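Student: Could we go through this model together? I would like to begin with what counts as buried.

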Amino acid sequence: MFHLDTASDLIAGLFCICVLTPVTASAAEAFGKERSSQPRVIEAAVHNVAAPGWQQVQRVSVICGTNGFDFVAPEGLRLSAETERLTLAASNSAYILTFRILNATTAEPSQETPNFQFSQLLEQFPNARLIEQSSRTVANQTGTAFELRLSAGNGSEQTAWVAFIPSAAGLLEFSCHAQVSKSSEAKVAFNSLLRTFRNSQNGKLKLLPICPQDS
């Protein structure tokens with residue numbers, strides 16, 4: 001694990017109280033085949049943050065090499081971590097969010113283009129149907145997002161969103177898979193993750209202040 005600012009430093013800098021809680025490791029649910037881009041090793045910790053007038057939230061800090069990130073975990077999701085993946089799952093398993101950092105530093109330039117990314121998604125989900133392709137901006141970097149409709153093994157369908165965002169650490173991959181009936185709820189959680197995601201400067205991780213809309 002990595003070292004973070006002490007609680008007193010955070011109180012002074014953020015006007016809040018942070019209690020460090022370890023992330024529990026578990027085997028995240030797998031969806032489809034792994035793609036050729038290799039995920040990087042990440043480390044994570046959870047901070048229970050309380051600010052005056054706002055409810056307590058979980059702030060997740062992530063380290064990948066010399067790069068640091070943090071985001072606010074959507075309310076009510078169970079957070080687990082593996083060495084190459086973070087997973088946030090709804091308590092009823094109706095939807096699941098995942099975050100990885102793909103090693104694109106030695107990849108061909110085409111690996112960061114929308115056409116290449118979509119072809120990789122089709123390799124992972126051969127029966128996927130593209131519903132929408134759009135641009136998303138996360139942590140001041142713009143990438144490509146895809147909305148897909150997937151055929152599940154039991155004959156039912158799932159909705160999926162996948163966003164690829166370039167960064168100094170590699171290609172950030174955010175994904176969400178949901179039962180069609182829970183698509184609206186899942187999309188709110190997915191958008192919350194993207195909206196609150198931040199990167200540190202110069203490899204130094206500092207938890208950022210929480211805005212009211214993040215809580």
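Tutor: A residue is called buried when its relative accessible area is under 20%. Please note that this is a predicted model. By that cut-off Phe 146 is buried, because its relative accessible area is 1%.

Student: Which residue forms an aromatic pair with Phe 146, and what is the geometry?

Tutor: A search of the whole structure finds eight aromatic pairs. In one of them, Phe 146 and Phe 164 meet edge-to-face, with 6.3 Å centre to centre and 70 degrees between the planes. Phe 146 belongs to strand 9 (residues 141-151) and Phe 164 to strand 10 (residues 157-167), so the pair ties together parts that are 18 residues apart in sequence.

Student: And is Phe 164 buried or exposed?

Tutor: Phe 164 is buried, with a relative accessible area of 2%. Another pair, Trp 161 with Phe 190, is stacked, because the ring centres are 6.5 Å apart and the planes are at 25 degrees. This pair links distant parts of the chain: Trp 161 is in strand 10 and Phe 190 is in helix 3, 29 residues apart. Trp 161 is buried at a relative accessible area of 7%, and Phe 190 is buried at 2%.

Student: Let us turn to helix 3. What span should its 14 residues have?

Tutor: At 1.5 Å a residue, helix 3 (residues 183-196) should span 20 Å, and its end C-alpha atoms are 20 Å apart, which agrees. Its buried residues include Ala 186, Ala 189, Phe 190, Leu 193 and Leu 194.

Student: Which element gives the most to the largest nonpolar core?

Tutor: The largest nonpolar core has 37 residues, and those with the most contacts inside it are Val 62, Leu 86, Tyr 95, Leu 97, Phe 174 and Phe 197. Helix 3 gives the most to this core, with five residues. Apart from this core lies another, of 13 residues, among them Ala 104, Leu 150, Ala 160 and Leu 171.

Student: What does Tyr 95 touch?

Tutor: Leaving out residues up to four places away in sequence, Tyr 95 has contacts that include Leu 77, His 177, Glu 185, Ala 186 and Ala 189.

Student: Which residues make up the aromatic cluster with Phe 174 and Phe 197?

Tutor: Phe 69, Phe 71 and Phe 99 join Phe 174 and Phe 197 in one aromatic cluster.

Student: One last topic: where is Ser 200?

Tutor: Ser 200 is in the segment after strand 12 (198-199). Ser 200 is buried, with a relative accessible area of 14%. Ser 200 and Thr 66 are 134 residues apart in sequence, and 9.9 Å apart in space, C-alpha to C-alpha.

How values were computed:
Residues are numbered from 1 along each chain as its sequence is written. This is a predicted model: local features need pLDDT of at least 70, side-chain atom pairs count only at pLDDT 80 or more; totals for chains, interfaces and linings use all residues. Side-chain values use heavy atoms; hydrogens and water are left out. Helices (H or I, at least four residues) and strands (E, at least two) are DSSP runs, numbered from the N terminus. The expected span of a helix is 1.5 Å times one less than its number of residues. Buried means under 20% relative accessible area, exposed over 50%, partly exposed in between (1.4 Å probe, protein chains only). Rings of Phe, Tyr and Trp (its six-membered ring) pair if their centres lie within 6.5 Å; planes under 30 degrees apart count as stacked, over 60 as edge-to-face and the rest as tilted. A nonpolar core is a set of buried Ala, Val, Leu, Ile, Met, Phe, Trp, Tyr and Cys residues joined through side-chain atoms within 4.5 Å. Contact means heavy atoms within 4.5 Å.
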